[in-house]
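Trainee: Got a minute to go through this model with me? I'd like to start with one lysine and work outwards.

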Amino acid sequence: MDNNNFFDLLRSLTHLTPPQLERANEHIASHLRRDLLIQVLAERHERIPECPHCCSKKVIHWGHYKNIPRYRCKECLRTFNQLHNTSLVRLKHMLSKGSVLCTDGNPSYIRIAKKSTGINHKRLISLDKCRVIDGVFHIQTLNSYVSRWRLWMGRFYGVGTAYLQNYLAWFRIIEHQQSSCSS
């Protein structure tokens, strides 16, 4: 975009209503999160990764999807991206204003939380003897929840990432029902 158009855009922001400004802010924040995610991936993987399905090293570039490089394995012929089997898989879609991001000490989460407006980042690092924050966020609670969820997910033998949020919601309902019955 040339400078004249950019300054016209900035001047037009003064005519927006508060809900329109909020929506524009969320849209810009979404683009910033996407760009930050791509930057984190570039730092994390400077080489072509191995296939997460068959562990083959015979992998080729296979285009891009939403600006994230995709790869294809020459042995099992399956495609994947750098987010495969990481906790960042759906993170960029799940962070919204007012969200709490409770993580371990991985530095990539810090950059994502800083660039995401309105995100409350709770960083639990066992090395710093910081196991409980605000009396609510506890590293063992987080680890236990993830462990129970992975065990429960094991029965499905490969869930499509597009439906991962639905499975998480289903698991949360089951967990809530079990805790209600036991109390």
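Mentor: Sure. Leaving aside its neighbours within four places in sequence, Lys122 is in contact with Val100, Leu101, Cys102, Thr103, Ile133, Asp134 and Phe137. Keep in mind that this is a predicted model.

Trainee: Which element is Lys122 found in?

Mentor: Lys122 is in strand 5, which covers residues 120-123.

Trainee: And does Lys122 count as buried or exposed?

Mentor: Buried. Its relative accessibility is 11%, and the cut-off for buried is under 20%.

Trainee: OK, zooming out. How many helices and strands are there in the chain?

Mentor: The chain has six helices and seven strands. Going from the N terminus, the order is α-α-β-β-β-α-β-α-β-β-β-α-α.

Trainee: What percentage of the 183 residues count as buried?

Mentor: That comes to 25% of the chain. As for contacts between residues at least 6 apart in sequence, 31% of them join residues at least 24 apart.

Trainee: Let's talk sheets. What's the strand order in the open sheet of three strands?

Mentor: The order is 1-2-3, and the pairing is antiparallel. Strand 1 (59-65) and strand 3 (79-81) are at the edges with a single partner strand each, so each has one side without a neighbour in the sheet. From one strand to the next, the twist averages 35°.

Trainee: How many bridges join strand 1 to strand 2?

Mentor: Five, with strand 2 spanning residues 68-73. If you want a residue pair to look at, Val59 has Cys73 in strand 2 as its bridge partner.

Trainee: Do those two turn up anywhere else? I'm curious about the core: which residues make up the largest nonpolar one?

Mentor: They do. That core has five residues, namely Cys51, Val59, Tyr71, Cys73 and Phe80. Take Cys51: beyond its neighbours within four places in sequence, it is in contact with Ser56, Val59, Cys73, Cys76 and Phe80.

Trainee: Staying with strand 2, what's going on with Arg70?

Mentor: Arg70 lies in that strand. It is buried yet has no salt bridge, and the nearest side chain of opposite charge is Glu50, 17 Å away.

Trainee: So what is Arg70 in contact with, leaving aside its neighbours within four places in sequence?

Mentor: The list is Ile60, His61, Trp62, Gly63, His64, Tyr65, Thr79, Phe80 and Asn81.

Trainee: Charges next, then. How many salt bridges does the count come to?

Mentor: Four. One of them is Lys57 with Glu50, where the closest N and O atoms are 3.0 Å apart. Lys57 is exposed, at 68% relative accessible area, whereas Glu50 is partly exposed at 34%.

Trainee: What about Glu75, which residue does it form a salt bridge with?

Mentor: Lys58, with 3.7 Å between the closest N and O atoms. Glu75 sits in the loop between strand 2 and strand 3, and Lys58 in the loop between helix 2 (18-44) and strand 1, so the pair ties together parts that are 17 residues apart in sequence. Glu75 itself is partly exposed, at 48% relative accessibility.

Trainee: Last one: where do Arg11 and Asp8 lie?

Mentor: Both are in helix 1, residues 3-12, and they are three residues apart, which is about one turn of the helix. They form a salt bridge too, with the closest N and O atoms 2.5 Å apart. Asp8 is partly exposed, at 42% relative accessible area.

Notes. Residues numbered from 1 in each chain as written. Predicted model: local features only at pLDDT ≥ 70, side-chain atom pairs only at ≥ 80, totals over all residues. Heavy atoms only, no water. Helix = DSSP H or I, 4+ residues; strand = E, 2+ residues; numbered from the N terminus. Buried < 20%, exposed > 50% of the residue type's maximum accessible area, 1.4 Å probe, protein only. Contact = heavy atoms within 4.5 Å. Pairing = 2+ DSSP bridges. Axes fitted to C-alpha atoms, helices over the stretch in contact; angles between N-to-C directions. Lys, Arg positive; Asp, Glu negative; His and termini not counted. Core = buried A, V, L, I, M, F, W, Y, C linked by side-chain atoms within 4.5 Å.
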